[in-house]
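User: I am new to reading protein structures, and I would like to learn how to go from a picture to careful statements. Could you take me through this one step by step?

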Amino acid sequence: MENEYLKTCNITKSFGGKRVLNDVSFTAKRGEFICLLGPSGCGKTTLLRIIAGLENSDSGTVFFRGKDFTPVPASRRNFGIVFQSYALFPNLTVTQNIAYGLKTRDIGKKAADGIVNEMLEITGLHGEKEKYPFQLSGGQQQRVALARALALNPGILLLDEPLSALDAKVREKLRKEIRAIHDKMNITTVMVTHDQEEAITVSDKIAVMNGGVIEQFGTPDELYFTPKTEFIAGFVGMMNFLHLDGRKVGVRPEQIRVSTFSNEGINAVVKDIEFRGSFLRLFLKLENIKTDSPLVVDVSSCDPAMQRLRAESLIKVQIPESAISF
Amino acid sequence: MKAKTVTSVLIGLIIVYFLLFFFLPLVSIGRLAFYNTDGVFIGFKNFAEYFTSPNMISSFKNSFAVSGTVTVVTFLLAFFYAFSISRIHMRGKYVLRYISMISLFTPTMLHGIALVYLFGRQGLVSNLFVSWFNAKMHTNHVFPFEIYGAAGIIISEVIYTFPHAYLILSVSFAMSDQRLYEAAETMGAGKLRKFFTVTLPSVKYGAISAITTIFILSFTDMGAPKIVGGQYNVMAVDIYKQVIGQQNFSMGATVAVLLLVPALIAFFIDRLIQQRQGATFSSKSVPYVIKRSLFSELLAAAYCWGIALLILFVIGTSVFVSFMKFFPYDMTLTLKHYMFKYVAGDFSSYLNSLKVALGTAAVGTAVAFAAAYTAEKTKAKDVFRKVPYALAITTLAVPGLVIGLAYILFFNSPSNPFSFIYGTLTILVLANIIHFIAVPVMSITSSLKKQDREYDNVAESMGVPPVKTLFRVTLPLSLNAVMETFFYFFVNSMVTISAVIFLYGQDTKLATIAIVSMDDAGDTAAAAAMASLILFTNMGVKIIYDIAAGMIRKKTARWQTIQR
Ligand SMILES: Nc1ncnc2c1ncn2[C@@H]1O[C@H](COP(=O)(O)OP(=O)(O)OP(=O)(O)O)[C@@H](O)[C@H]1O
Ligand SMILES: [Mg+2]
């Protein structure tokens, strides 16, 4: 049962004849951090809402700790949800927002205050507790939403793009915090995101969705190193696609070796160079090999030989054996 | 499951409410217009009779002529008034806004009475001034202007419809986007060109709404033509005469249908066009920046103050007269007209009006909120939850007179189990709620739409019952709209005559009805006093409302970023 803490089986959902989710299944272990990753409109939010019980699926089942939860209304599931818009009640203070759900439970005022304090502690909001949502920064609002969802000690924490409204620096900091809170409370978490970097860095497992189906469900490095489909290969990390001997293979930019003096390898011409700080990204045109787009190769920006490269420079390229074929 | 049942019951109740108090009464009018007294279908026989009667045809033409003229005049006046106030730098805009809205607080009879006092046979201008002028100049002029008739009706209706048009137009002007003006300017557009290519298109939808509103209001108003119409008949008064005067209910119903049809057409044209509007004003829009120009400022100020003073002058005349012993011959200050002694109306009708207005405001606000809430916030099936909203909005097209007539026909029938409400204050409250509910439902809906839909989902996921979220979050966030609604119902119930004139009983006479009977009986000063009393009441309520709203705003300012 601990291995099948949350399980969705063959979830299907259409809106007005348009199939949004098609036979979606995945399983989360207790305490796992799962990401639902995919491009806009692929059905992530819909799946999350079905798990939460806010939306009914057309067919399929949601199991929680082995029990069929499909007919259980959202109000009885005790799943914590953080919405993309946070949906903080603007007329209630931070404390009142966090305590909102506690009020209806018979736990006594003292216990409720204790929980609120603990949540303020965990999310670092003690200084803000009497403020109203509009007085808070985006990141702080996000934390309040998180604290409010966690206060009821939910069976699962569901997050719908919790960081998408924040700027890059805050986003990076907060995703670390979310992961830290997850580890500390050991709470099974499902997070929706369309940012593959975010998914790779925080999750134990990622379900990559495309057009209403889960194309692959696996750990971040499984997805990165052994993507099952071309879509995954292109969506998770950067990937070059080459046509070699009639097959299509994928190679990561950092797996390709280039040299300005060696005689071995394939001839290539530098088409463009991007300075990316710690590395240089080269865009190459290969001789005799067809690529979907210019071959992307990342090289160290400290390498003097590479620093000398200009557009139209000639270069040798070695494609590693580890290339993935499709 | 439980919340779902509650929702379904609530929606069911609202639908039953509208069926019972709106739809079925209307059907009974249709029945009367198309069937004879034995219940046999007679098709358009009544209408044929209507259109062969020269009197009726002339009323029909008069109604269109008057409301057509009123529509053009009010629209132009209100358009430039709204334009000046929102687009030109001026002092005292706040005062101008207030003055323009005073006539919302008065029954239309008050304007008619004022006009009679000013231009009638014994009028101040028409009689005293002209004879004074003749004596001074040794001339023999006759006042060239007959106020009883089309002119009087038109002036009264213009004053009556002006604030409605102004309010709609000023909202449109407020929603214009400065970026469009800047774009036009960089492309070298001059003032006039900007007006025609940017300003006009951006208020297009508001203008259409204003025009249909003015038309419907003036087409269906009975108060002013009753007082100042003289021999000039219009359809709204015909209904009254047919039903109350001649007890000819089928002809009354026929006229009612004829009154309803143009109103319905105007209503649907407006709906259709508004639907195309979509989102022309986004959150990215930049508010219009007023540019200074001395010439246009002077022109605008003269124009606005001219209109405002005219409104004040007309309304002020009635108020002034009500305090004079015997205007214009004995100008001693007195309160005797407010005693309502030895006249065809008494003070209890004022108290009845207060009761009805408070009842309408309280119950109406609850019904309007419930209709808006179910449409906007519940999870029932779309078709099902939109029905109450659609029904509520449709009431906008149905004139008060038609509602009133429908109610007598429906509730006075002995077979109706609700016939016991006939002749009570309750039926007046019910008629008023249906009469005025459309605007409140729209404004509460738009305030609910501004709230995050996820509020309810968050609460649900926390296992908090919807009722608690309604009281803890939804209602506090819509407090402004709720208070406005209460005020709107109150003020309109105080000034209305059309629906209630058919429905009052021995002990449930209202102030507006008393005005008409006093005026009929020649107790014009008392009628003016009663009309002024209504005005004072509404102004008092407005002051209380403003204070309360200010206090609430201060209290809620702590959590409100944007104040509306
Ligand atoms: N209530 C609804 N009614 C009709 N269509 C809907 C509804 N909710 C979602 N959809 C449609 O279902 C599809 C999937 O929507 P969903 O919100 O699940 O996508 P998403 O993966 O979360 O996308 P994003 O990254 O943009 O949030 C979209 O095409 C959307 O338009
Ligand atoms: Mg989404």
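Analyst: Let us begin with a definition: a residue counts as buried under 20% relative accessible area, as exposed over 50%, and as partly exposed in between. Please keep in mind throughout that this is a predicted model.

User: With those cut-offs, is Asn210(A) buried, partly exposed or exposed?

Analyst: Asn210(A) has a relative accessible area of 23% and is therefore partly exposed, since the buried class ends at 20%. This residue is found in strand β9 of chain A, which covers residues 205-210.

User: Which residues does Asn210(A) contact, apart from its neighbours within four places in sequence?

Analyst: With those neighbours left aside, Asn210(A) is in contact with Pro39(A), Cys42(A), Glu215(A) and Phe231(A). For Glu215(A) we can say something about the side chains too, as the two are joined by a polar contact of 3.3 Å. Separation can be read in the same careful way: Asn210(A) and His126(A) are 84 residues apart in sequence, and their C-alpha atoms are 41 Å apart in space.

User: What would a buried residue look like, and where does Thr123(A) lie?

Analyst: Thr123(A) lies in helix α4 of chain A, residues 109-123. Its relative accessible area is 4%, so Thr123(A) is buried. Not counting residues up to four places away in sequence, Thr123(A) touches Arg143(A), Ala147(A) and Ile181(A).

User: How should I read the surroundings of a ligand, and which residues surround ligand 1?

Analyst: A useful approach is to list the shell, then to look for individual atom pairs. The shell around ligand 1 includes Phe15(A), Lys18(A), Val20(A), Lys44(A), Thr46(A) and Glu161(A), and its residues divide into 3 nonpolar, 5 polar and 3 charged. Turning to atom pairs, a backbone N or O atom of Cys42(A) lies 3.2 Å from an oxygen atom of ligand 1, while a polar side-chain atom of Lys44(A) lies 2.8 Å from a ligand oxygen and one of Thr46(A) lies 2.5 Å from a ligand oxygen. On its own, ligand 1 has 630 Å² of accessible area, of which the protein covers 60%. The elements that give two or more residues to this shell are β2 (18-28) and α1 (44-52) of chain A, and the largest share, 3 residues, comes from α1(A).

User: Now for strands: in what order do β11, β12, β16 and β19 of chain A sit in their sheet?

Analyst: To read a sheet, follow each strand to its partners. Here 4 strands form an open sheet with antiparallel pairing, in the order β16-β11-β12-β19 of chain A. The edge strands are β16 (290-291) and β19, each of which pairs on one side only.

User: How many bridges link these pairs, beginning with β11(A) and β12(A)?

Analyst: Strand β11 (residues 240-244) and β12(A) pair over 5 bridges, and one of the partnerships is that of Asn240(A) with Val251(A). In their hairpin, which has 2 residues between the strands, Asp245(A) takes a positive phi near 45 degrees. On one side, β11(A) pairs with β16(A) over 2 bridges, where His243(A) stands opposite Lys290(A). On the other side of the hairpin pair, β12(A) and β19 (residues 324-325) pair over 2 bridges, with Ser325(A) as the bridge partner of Val249(A).

User: Is β12(A) mostly covered or mostly open?

Analyst: Strand β12(A), residues 247-251, is mostly covered, as 4 of its 5 residues are buried.

Definitions and conventions:
Residues are numbered from 1 along each chain as its sequence is written. Chains are lettered from A and ligands numbered from 1 in the order in which they are written. This is a predicted model: local features need pLDDT of at least 70, side-chain atom pairs count only at pLDDT 80 or more; totals for chains, interfaces and linings use all residues. Side-chain values use heavy atoms; hydrogens and water are left out. Buried means under 20% relative accessible area, exposed over 50%, partly exposed in between (1.4 Å probe, protein chains only). Contact means heavy atoms within 4.5 Å. A residue is near a molecule or strand if one of its heavy atoms lies within 4 Å of it. A polar contact is a pair of N or O atoms within 3.5 Å; within protein, one must be able to donate a hydrogen and the other to accept it, and residues adjacent in sequence count only if both atoms are side-chain atoms. Accessible areas come from the Shrake-Rupley method with a 1.4 Å probe; for residues, only the protein chains shown count as cover. Ala, Val, Leu, Ile, Met, Phe, Trp, Tyr, Cys and Pro count as nonpolar, Asp, Glu, Lys and Arg as charged, and the others, Gly among them, as polar. Two strands pair if DSSP finds at least two bridges between them.
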